[in-house]
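Dear colleague,

I am passing on a structure for you to look through, and below it I have written down what I found, beginning with a strand and ending with a pair of helices. Please keep the model open as you read.

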Amino acid sequence: MATIHFSTYNGLKFHGDSSAIAPSSISPFSAASSSSSSPSSAAAKPRLSRLRASLRRKSLTATRALPEETTLSAPPKVEVDLALALKKAADVAPELKGTSIFLVGMKSSIKTQLAKLLAEVLRYYFFDSDALVEEAAGGEASAKLFRETDEQGFRESEAEVLKQLSSMGRLVVCAGDGAVQSSTNLGFLRHGISIWIDVPLDIVAKGLVEDLPSSQLSTSQSYSEVLAQLAALYEETRVGYATADVNVSLQKVASQYGRDDFSAVTVEDLAMEVLKEIEKLTRVKKMMQEAGRPF
């Protein structure tokens with residue numbers, strides 16, 4: 001049996017064999033199915049082999065910048081802390097039965113932090129699909145060159161990562177933009193619950209500009225240029241995002257929890273909202289199963 005090694009995720013080191021992660025089946029929350037993709041580029045095959053080996057070793061509607069005059073309603077503030085998130089997760093986890101969770105949406109530290117917290121409270125494993133592609137390619141610089149010189153091969157590597165992850169259970173996956181840009185990849189997401197983490201583009205752009213060393217942006221790019229690039233990318237991906245089982249909007253959470261502005265929304269707030277939405281899905285599934293039983 002292949003041994004899966006988990007590097008440092010969520011600040012913890014995991015190690016275990018493949019039996020530690022239950023194989024995933026088609027999610028009961030979605031009716032779609034997927035088909036595997038076969039590499040069509042000969043040059044991509046060695047990279048895909050390395051990708052498979054690496055995986056074996058390692059086992060908010062998107063909102064543009066809001067007008068300045070836009071204001072949010074101010075309901076009573078709801079204080080959410082880690083203890084509350086843990087309690088909600090304890091209620092939700094038994095009904096999930098190991099079903100994996102895929103977070104889609106524009107790449108941001110908010111989405112990454114949320115994915116790690118969800119993995120922690122649900123006792124799941126965390127993976128970042130983009131990070132796995134980069135690792136298989138030999139690092140961030142190599143992955144960037146790979147994408148520029150062999151776009152098709154790079155997309156096949158993204159699909160291979162999602163294929164491998166979708167075959168396992170008990171995962172929280174922070175999925176990259178490629179996850180929603182092909183029908184094949186969208187099919188892989190149907191092996192779990194997909195959740196669109198909807199963060200306003202201006203907040204995503206600000207985060208990228210402030211975190212240039214870990215991004216693929218040029219240091220010469222201004223905030224307005226970054227925002228324009230994100231807007232263009234959003235136009236390419238929003239249809240895919242809209243296919244997610246759940247949409248959790250930062251703007252909506254700020255309003256619901258009485259936060260004065262978006263920066264006051266905590267990762268615990270978002271985690272609580274995600275867990276509530278998952279609870280709704282499991283409740284609907286249970287009702288449908290009971291309705292289908294013979295009298």
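Strand 5, which covers residues 171-174, is a good place to start: L171 and V173 point one way from this strand, V172 and C174 point the other way, and all of them are buried. This fits a general pattern, since in a regular strand the side chains alternate between the two faces of the sheet. Please bear in mind throughout that this is a predicted model.

Strand 5 has two pairings to follow. With strand 3 (residues 101-104) it runs parallel, and three bridges join the two; within this pairing, F102 has V173 of strand 5 as its bridge partner. Strand 4 (residues 125-128) also pairs with strand 5 in the parallel sense, over four bridges, and here D128 is partnered by C174 of strand 5.

Turning to the helices, helix 2 (residues 82-96) packs against helix 3 (residues 109-122) at an angle of about 70°, and their axes lie 8 Å apart. Because an angle from 65 to 115 degrees counts as roughly perpendicular, helix 2 is described as roughly perpendicular to helix 3. The crossing of these two helices is right-handed.

Which residues in helix 2 and helix 3 meet? From helix 2 they are L82, A85, L86, A89, A93 and L96, and from helix 3 they are L117, E120, V121 and L122. Sorted by class, this contact of helix 2 with helix 3 has nine nonpolar residues, one charged residue and no polar ones.

With best wishes

Key
Residues are numbered from 1 along each chain as its sequence is written. This is a predicted model: local features need pLDDT of at least 70, side-chain atom pairs count only at pLDDT 80 or more; totals for chains, interfaces and linings use all residues. Side-chain values use heavy atoms; hydrogens and water are left out. Axes are lines fitted to C-alpha atoms, for helices over the stretch in contact, and angles run from 0 to 180 degrees between N-to-C directions. Angles under 35 degrees count as roughly parallel, over 145 as roughly antiparallel, 65 to 115 as roughly perpendicular and the rest as oblique. A crossing is left-handed if the near helix is turned anticlockwise from the far one by less than a right angle, and right-handed if clockwise. Contact means heavy atoms within 4.5 Å. Ala, Val, Leu, Ile, Met, Phe, Trp, Tyr, Cys and Pro count as nonpolar, Asp, Glu, Lys and Arg as charged, and the others, Gly among them, as polar. Buried means under 20% relative accessible area, exposed over 50%, partly exposed in between (1.4 Å probe, protein chains only). Two strands pair if DSSP finds at least two bridges between them.
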